[in-house]
Amino acid sequence: MPALKDKFAAQIPGLQTEIKTITKEHGDKKISDVSVAQAYGGMRGVKGLICDTSLVEPEVGLIVRGRPILELTDKIPEEIFFLLLTGDLPSADELKDLQAEYAKRSTVPDYVWKVLEAMPKESHPMAMFDTGILAMEYESEFRKQYAAGMSKKDYWDPCFEDSLNLLAKLPSLAAGVYRMRYDKGPRIPYDTNLDWGANYAHMLGNDDEDFYKAMRLYLTLHCDHEGGNVSAFSCHTVGSALSDIYYAVSAGLNGLAGPLHGLANQECLGWILQVVEKFGGVPTEQQLKDFAWETLNSGKVIPGYGHAVLRCPDPRFVAFVNFGAKYCADDDVYKTVKMVFDIIPGVLKEHGKAKNPQPNVDAGSGSILYHFGLREFPYYTVLFAVSRAMGMCSQLVINRALGTPITRPKSVGTDWIKKHVGM
Ligand code: CMX
């Protein structure tokens, strides 16, 4: 049995007892009120979901199992997945074991490539990636064992197996999509001597050791962002119907593909490149301000800025800027990203709409990828997706172990609201 599975299995009875006790002894206590504005406003701030893998504090940012993300930037993604699922970082042996499991399970079945080859050549890489995941649903252990009459108490086990199988294959699938979509030549096989993140870089076709580092950092930083963001919540809801992990993760990633969510990283680099092209390099402060106002006055958002929860510069953005200072400080795109950080918060404050005028993760990531030659920016959300699948899978496995019921909040109509408020 994989060491990670062993460790998680040992935790399940304690987790179940804890939840049972909390709901039995405190189940009637209120944790949130919901206003009319919140009901019409995307449920912002409503506490109605449980997520133990990570937390997003408005003034701190992402905290994974009690550890602020900036304390985890030297960890590799395998360690992060172990941490998300169990609350502990792996020992050296546990890490090796997880890497061996990934290597063993990394091959994407041939039929998946045939499905992707049948798609229009200009398909969006996210549509191809999500289609590949859905096509692999055929592999689901959960679905097979459910059909065979598995007991409820065993649900987590094939869900765990599906998770590991899926995560092991995602770098191969994502890199294959890249090479197919952008005519980069034949697929490059998984190298069993490399870790998961370096393998992804390798299979994309770039074996620069610094790019390996960038990729590990990228996959670590995007791993999870608590339970209520579009992708996590969609994945949770679909999974709560006992749809297996292939259905649920693909659903979550379809949400990540939206421009207000993960696709913002593609939009953001596009915006930065427009600036660099228009001004023939790094702009002056005034040029940048004017360009930002042009964007805002044409009714568009400044991509990479603002957040539904955060009220500080996103620490993941800070981590990318720190990385860039070491590896691409002289790059015009990186320099423009830094200048945008100096200028845009002030512009957005003056604009007066965004509750948080500070950068989110998407404001910085693209410049690093661009520096290392990954310049097909419609592809960027796929990288985000490979990483975010770790959060989704760990949340789903935990929910299967806890027997979390099907999600079903109550909706009301506008007539009901009018009556309720006395209109
Ligand atoms: N540029 C211009 N206007 C912005 C803005 C930005 N970067 N961020 C917010 N606003 C505007 C909103 O569009 C909204 O305007 P309306 O009242 O006209 O609808 C107003 O400010 C209030 O919005 P908010 O409460 O501050 O933000 P929301 O919680 O509604 O939305 C987010 C959050 C991220 C969708 C929004 O800030 C945005 O569109 N940012 C740009 C896109 C982006 O970077 N998305 C990536 C987020 C991270 C991720 O999920 O990957």
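**View A: E226 sits in the loop between helix 10 (209-221) and helix 11 (230-240).** Helices here are DSSP runs (H or I, at least four residues; strands, E, need at least two), numbered from the N terminus. This is a predicted model, in which local features need pLDDT of at least 70 and side-chain atom pairs count only at pLDDT 80 or more, while totals for chains, interfaces and linings use all residues. Residues are numbered from 1 along each chain as its sequence is written, and side-chain values use heavy atoms, with hydrogens and water left out. What should you look for at E226? Its phi is near 50°, a positive value in a residue other than glycine. As background, most residues other than glycine have a negative phi.

**View B: D183 is another loop residue with a positive phi, about 50°, although it is not a glycine.** You'll find D183 in the loop between helix 8 and helix 9 (196-204). Is D183 buried or exposed? D183 counts as exposed because its relative accessibility is 61%. The scale runs like this: buried means under 20% relative accessible area, exposed over 50%, and partly exposed in between (1.4 Å probe, protein chains only).

**View C: here is the ligand with the residues around it, 21 of them.** To be counted, a residue needs a heavy atom within 4 Å of the ligand. Which residues come closest? They are H261, G304, Y305, K353 and K355. The shell is a mix of 11 nonpolar, six polar and four charged residues. In this sorting, Ala, Val, Leu, Ile, Met, Phe, Trp, Tyr, Cys and Pro are nonpolar, Asp, Glu, Lys and Arg are charged, and the others, Gly among them, are polar.

**View D: same ligand, this time with an eye on backbone atoms at L260, G304 and Y305.** For L260, a backbone N or O atom lies 3.1 Å from a nitrogen atom of the ligand. At G304, a backbone N or O atom is 2.7 Å from a ligand oxygen. Y305 has a backbone N or O atom 2.8 Å from a ligand nitrogen. How much of the ligand does the protein bury? Taken alone the ligand exposes 890 Å², and the protein buries 76% of that. These areas come from the Shrake-Rupley method with a 1.4 Å probe.

**View E: helix 5 (residues 110-117) has buried residues V112, W113 and L116.** Looking down the axis of helix 5, its buried residues fall within an arc of 100°, so they line one face of the helix. That arc is taken from the directions between the helix axis and the C-beta atoms. What do the buried residues pack against? Their partners are helix 6 (125-135) and helix 8 (156-181). Flip to the other side of helix 5 and you meet the exposed residues D110, K114 and E117.

**View F: E101 belongs to helix 4 (residues 92-104).** E101 counts as buried because its relative accessibility is 8%. Its side chain makes a polar contact of 3.0 Å with the side chain of R105. A polar contact is a pair of N or O atoms within 3.5 Å; within protein, one must be able to donate a hydrogen and the other to accept it, and residues adjacent in sequence count only if both atoms are side-chain atoms. Skipping residues up to four places away in sequence, E101 touches P2 and L164; touching, or contact, means heavy atoms within 4.5 Å.

**View G: N399, in helix 18, is next up.** N399 is buried, at 9% relative accessibility. Which side chain makes a polar contact with that of N399? It's the side chain of H236, at 3.4 Å. With residues up to four places away left out, N399 touches H236 and T404.

**View H: D331 sits in the loop between helix 15 (315-327) and helix 16 (332-351).** D331 has a relative accessible area of 16%, so this residue is buried. A 2.9 Å polar contact links its side chain to that of H371.

**View I: Y247 has its place in helix 12 (residues 245-256).** Y247 is partly exposed, with 38% relative accessible area. Y247 and S140 are 107 residues apart in sequence, yet 9.6 Å apart in space, C-alpha to C-alpha. Beyond its neighbours within four places in sequence, Y247 is in contact with L134, E137 and V238.
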